[in-house]
Amino acid sequence: MSGFQIRVPATSANLGPGFDSVGIALSKFVTLDCQPGEDWFFSVPVEDQPYIPSGKSNLIYKTALQTAEAFGYETLPPTHVELTNDVPIARGLGSSSTAVVGGIELADQLLNLKLTKYDKFKIACEIEGHPDNVGPAIYGGIMVSNYDGDHLDYVHFTEGLDGLTWLAIVPSYHLETEKARGLLPTEIDYKQAVNNSGSANVLIAALATKDWVLAGKMMKSDRWHQPYRQALIPGFSDVTEALEYEGSLGHYISGAGPTMVAVFDEWSAAKESRLKGVLPSYLVEPLQVHLTGAETFQKKMC
Ligand code: HSE
């Protein structure tokens, strides 16, 4: 085996009412530089070492092995994987799905499985349980998907998205998805569900027809999860006020939070500087859509 590099984008899920179904790939990346090794080893950036193991308990390895086993292999060739991580952990930007998608790509490369994107998507959904982060991490752009544990359907679209700025407002604290999901109700009133589903439908139609103003309005209209989760994000109303002052079209809790993402059709260095000034405890980072999804590059032999 010669060396190769896998690059997986960050993702932002839900976009408001598209709960567990909609996500977008953004311009932040995890890269895996892979070389044959004596044994499995993940070289992890120092700041991530408290959260990402370097041995076989690493989620990337576990996913790669699970993928291999699904195709009848019992082991994987030992590999040294050097991780470079630009995706903050447990902040709602798809860090766990970068590991799942990275692991599937890794098994595909090491065993020459020749998986299609859809094969990878299906495996990733089986592991992750819902498609909203893993879909765009594999395909890029926006993915609208439904997975019921058996059937997996999706629509992929990219048109016009690169004209927008997707501004990530990242708090300094972690929020575990399990905790943020634990706050959600187990049942919802029928009439409310119909209304929520209507908001999601209009969100998708607005994104597909590039009606960004309406899409932004729908992001804010979500009642599936955001009202419950705001309790875990104490700065939500201050961030809302600052974003609205700067003319964001809409914003939402990214995935399970605590990151918030705002959409702008007009962006400027002056807006960035003002927002950084009024939100000093957050990382304020303008991002773009990433259109291609996870990729593998073969390394040239010297
Ligand atoms: N749709 C998921 C959620 C994303 O909001 O909980 C995080 O896994």
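**View 1. The ligand sits in the largest pocket.** The model is predicted. Residues around the ligand include Asn 14, Phe 19, Asp 20, His 130, Asp 132 and Asn 133. Thr 177, Arg 181, Arg 229, Gly 255 and Ala 256 are also among the residues around it. By class, this shell holds 2 nonpolar, 5 polar and 4 charged residues.

**View 2. Side chains of Asn 14, Arg 181 and Arg 229 meet ligand oxygen.** For Arg 181, a polar side-chain atom is 2.6 Å from an oxygen atom of the ligand. For Arg 229, an N or O atom of the side chain lies 2.7 Å from a ligand oxygen atom. For Asn 14, the distance from a side-chain N or O atom to an oxygen atom of the ligand is 2.8 Å. On its own, the ligand exposes 260 Å². The protein buries 95% of that area.

**View 3. The ligand lies between domain 1 and domain 2.** Domain 1 covers 4-158 + 290-298. Domain 2 covers 165-287. Both domains give residues to the shell around the ligand, so the ligand lies between them.

**View 4. Domain 1 and domain 2 are in contact.** On the domain 1 side, 26 residues take part. They contact 35 residues of domain 2. The C-alpha centres of the two domains are 24 Å apart.

Key: Residues numbered from 1 in each chain as written. Predicted model: local features only at pLDDT ≥ 70, side-chain atom pairs only at ≥ 80, totals over all residues. Heavy atoms only, no water. Near = heavy atom within 4 Å. Polar contact = N/O pair within 3.5 Å; in protein donor to acceptor, adjacent residues only side chain to side chain. Areas by Shrake-Rupley, 256 points an atom, 1.4 Å probe, with all protein chains shown as cover. 1 Å grid on protein atoms, 1.4 Å probe; cavity = no way out; pocket = protein on both sides within 12 Å on 5 of 7 lines; lining within 4 Å. Sits in = over half its atoms within 2 Å of the grid points. Nonpolar A, V, L, I, M, F, W, Y, C, P; charged D, E, K, R; others polar. Domains from an automatic or database assignment. Contact = heavy atoms within 4.5 Å.
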